[in-house]
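Here are my notes after going through the model you sent. I've kept them as numbered points so you can pick at them one by one.

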Amino acid sequence: EKNNQITVGWDYDAISPLNSLVTLPVDPLTGQARQIKGGLMYAGVNGAPTHQGNAPPAKFSPRGGIAWAIDEKNVVRGGYGIFWAPQYFSVGASQTGYDSTTTLQQNTLVPITTIDNPFPNGLDKPTGNSRGLLTAVGNNVSFVDQNAGAASVQQYAVDYQRDLPGNVALSIGYMGSRGTDLVYSSSLNINQLPVEYMALGNALVQLVPNPFFGVAAAGPFASRATIERGQLLRPFPQFLNVSMLQTTGARSVYHAMILQVNKRTTGWWGGRFNYTWSRLKDNQFGQGNYYSTSGTALDNYHPDAEYGISGLDMTHKIVIAPILRLPFGEGKRFLNKGGVLDAIVGGWTVSAVGLLESGFPIQMTQTPNNSGLFGSGQRPNKVPGVDPLLPGGIIGRLDKSISDNQYLNPAAWSLAPAYTFGNAPRSDPNVRTPWRNNLDLSLSKDFRTGGDTRASLRMEVFNVTNTPKFAGGTTTLGSAAFGQIRTQGGYMRMTQITLRFTF
């Protein structure tokens, strides 16, 4: 930033100015005295760097491929490469202290401010880095991880292709990738209550005398006579949640088997068939899509424990895309005498794309989140022997009654007790969103319009069968809508007609 008006990280070990003003209770587990540490680091202040993150200046990126023609009908291909992702940047998480908001004080019945002077007390001015380690005390705060590296992905593939009679090619191959130092899809709360304190149970939420009370430098905490015991046991008790952003260290592994059959369009037909079986694992919690909600991390200090089936895993994908040249018109088998009839029915091509995709894993959460109430997540417990899916397809049930939208069986899970994490996995590969099916159709015809001019007419119908693509429903146990299908992520049947004239 031109004037160094950004934060560049978090100082874990710096002794806070509050440490000389406040005495924390002794640690209930160890009996040791505790110090107040931590706070934001500002660009160029006290030896801090003037940039964010710690990405390497040079990124080795070898890439190579090979093709071996065994004979004129058999080919083997392979390739390998390392690819790097650009570093993500967000201004909002970088300017704590350098921005401020002045709230307009107003009464909806009797105006207490005027348009001429809407801020009679003036504007709240940013504090910049003047408060140093005291910036944002008593509040939530976020920062960009000063140790953030650069995300890289190794990609590799090998396939065998065989030329078959009738202009048909068959290929089978493997494709894989391995991601390292990936960015977690959600922030890490480095002020989560450490796991060992969860054993204190209800004592964590008991109100105790607040050591920050009356200490002006403690911000909002200064006005509270009592405070929760769990808040004082956080690593940085003078703050609420401390969100570390753009942290690298996540990892992923992808494996896929791909079977393809391609028919070159000759004569009256052609097309392709593609089947992909794949498996994606990662620990990028917080990752989701329109069909499956994102999951949560339980222990922010050990994110690798979330490694497992990805929320983006799609085991099966089938694509069928035929092309038909209708045998009517000049040069074709039927109605080939020319004239008006040929102009109407001749030269048409029909193509379609049929798609079948298996669902995404369900990512479970629960409400209330009472694992420790101080920054950690919670998932429900699985009930052994209970089928998590209700019998019958969701479309069939909705066809009978619009109110029959229950997809997941609530009896398959139970709320995890307070001060426990729960045993449901972040992404459950055995419980998936409904399959998504789609069929698009295209009908086209070229016209000769004299000289060097041509015209083409195309009619396209998307989602011919008008089939909905249902999302996985509400996956928060404890919600009244748990397991119900209430949204769909596709589009309705749409038709468009295009006429193109080329000269």
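1. Let me start with a small pairing: E8 and E11 run antiparallel to each other, joined by two bridges. Within that pairing, Leu 188 has Met 244 in E11 as its bridge partner. Keep in mind throughout that this is a predicted model.

2. Zooming out from that pair, there is an open sheet of three strands, ordered E5-E11-E8, with mixed pairing. E5 and E8 (188–189) are the edge strands, each pairing on one side only.

3. Now the nonpolar packing. The largest core has 34 residues, and Trp 10, Leu 18, Phe 212 and Phe 239 are those with the most contacts inside it. Strands E2 (37–42), E5 (141–144) and E11 (242–245) are the elements that give two or more residues to this core. Apart from it there is another core of 13 residues, including Ile 394, Trp 413, Phe 482 and Ile 485.

4. Leu 18 deserves a click in the viewer. Leaving out residues up to four places away in sequence, Leu 18 touches Ile 36, Leu 134, Val 137, Phe 212, Val 215, Ala 217, Ala 218 and Gln 238. Phe 212 in that list is also among the residues with the most contacts inside the largest core.

5. What does Asp 27 do for a partner, given that it is buried yet has no salt bridge? Asp 27 sits in the loop between E1 (7–15) and E2. The nearest side chain of opposite charge is Arg 34, at 4.4 Å, and a salt bridge needs the nitrogen within 4 Å of a carboxyl oxygen. The Asp 27 side chain does reach backbone nitrogens: a polar atom of it lies 2.8 Å from that of Leu 29, and the nitrogen of Thr 30 is reached at 3.2 Å. Beyond neighbours within four places in sequence, Asp 27 is in contact with Gln 32, Arg 34 and Tyr 197.

6. On to the strands further along the chain. E16 (residues 348–357) and E22 (residues 436–448) are antiparallel, with 10 bridges joining them. One of the partnerships here puts Trp 348 opposite Lys 445 in E22.

7. E22 also pairs with E23 (residues 454–462), again in the antiparallel sense, over eight bridges. Leu 443 has Met 459 in E23 as its bridge partner. E22 and E23 make a hairpin with five residues between them, and Gly 450 in the turn has a positive phi of about 95°.

8. Is Trp 277, in strand E13 (residues 269–282), buried or exposed? Neither, quite: Trp 277 counts as partly exposed because its relative accessible area is 33%, and the partly exposed class runs between the 20% and 50% cut-offs. Its contacts, not counting residues up to four places away, are His 255, Ala 256, Met 257, Thr 315 and His 316. Trp 277 and Ile 318 are 41 residues apart in sequence, with their C-alpha atoms 9.0 Å apart.

9. The charged pairs next. The count comes to 10 salt bridges. One of them joins Glu 306 and Arg 379, with the closest N and O atoms 3.1 Å apart. This pair links distant parts of the chain, 73 residues apart: Glu 306 is in the loop between E13 and E14 (308–309), and Arg 379 is in the loop between E18 (365–366) and E19 (381–382). Glu 306 is buried, with a relative accessible area of 8%, and Arg 379 counts as buried too, at 4%.

10. Glu 357 is worth a look as well. Its side chain meets that of Lys 317 in a salt bridge at 3.8 Å, N to O. That pair is 40 residues apart, with Lys 317 in E15 (residues 316–325) and Glu 357 in E16. Lys 317 is partly exposed at 33% relative accessibility, while Glu 357 is buried at 12%.

11. Glu 357 also forms a salt bridge with Arg 436, at 3.1 Å, N to O. Here the two residues are 79 places apart, Arg 436 being in E22 and Glu 357 in E16. Arg 436 is buried, with a relative accessible area of 3%. Separately, Arg 279, Asp 313 and Arg 432 are joined into one network by salt bridges that share partners.

Conventions: Residues numbered from 1 in each chain as written. Predicted model: local features only at pLDDT ≥ 70, side-chain atom pairs only at ≥ 80, totals over all residues. Heavy atoms only, no water. Core = buried A, V, L, I, M, F, W, Y, C linked by side-chain atoms within 4.5 Å. Buried < 20%, exposed > 50% of the residue type's maximum accessible area, 1.4 Å probe, protein only. Helix = DSSP H or I, 4+ residues; strand = E, 2+ residues; numbered from the N terminus. Contact = heavy atoms within 4.5 Å. Pairing = 2+ DSSP bridges. Lys, Arg positive; Asp, Glu negative; His and termini not counted. Polar contact = N/O pair within 3.5 Å; in protein donor to acceptor, adjacent residues only side chain to side chain.
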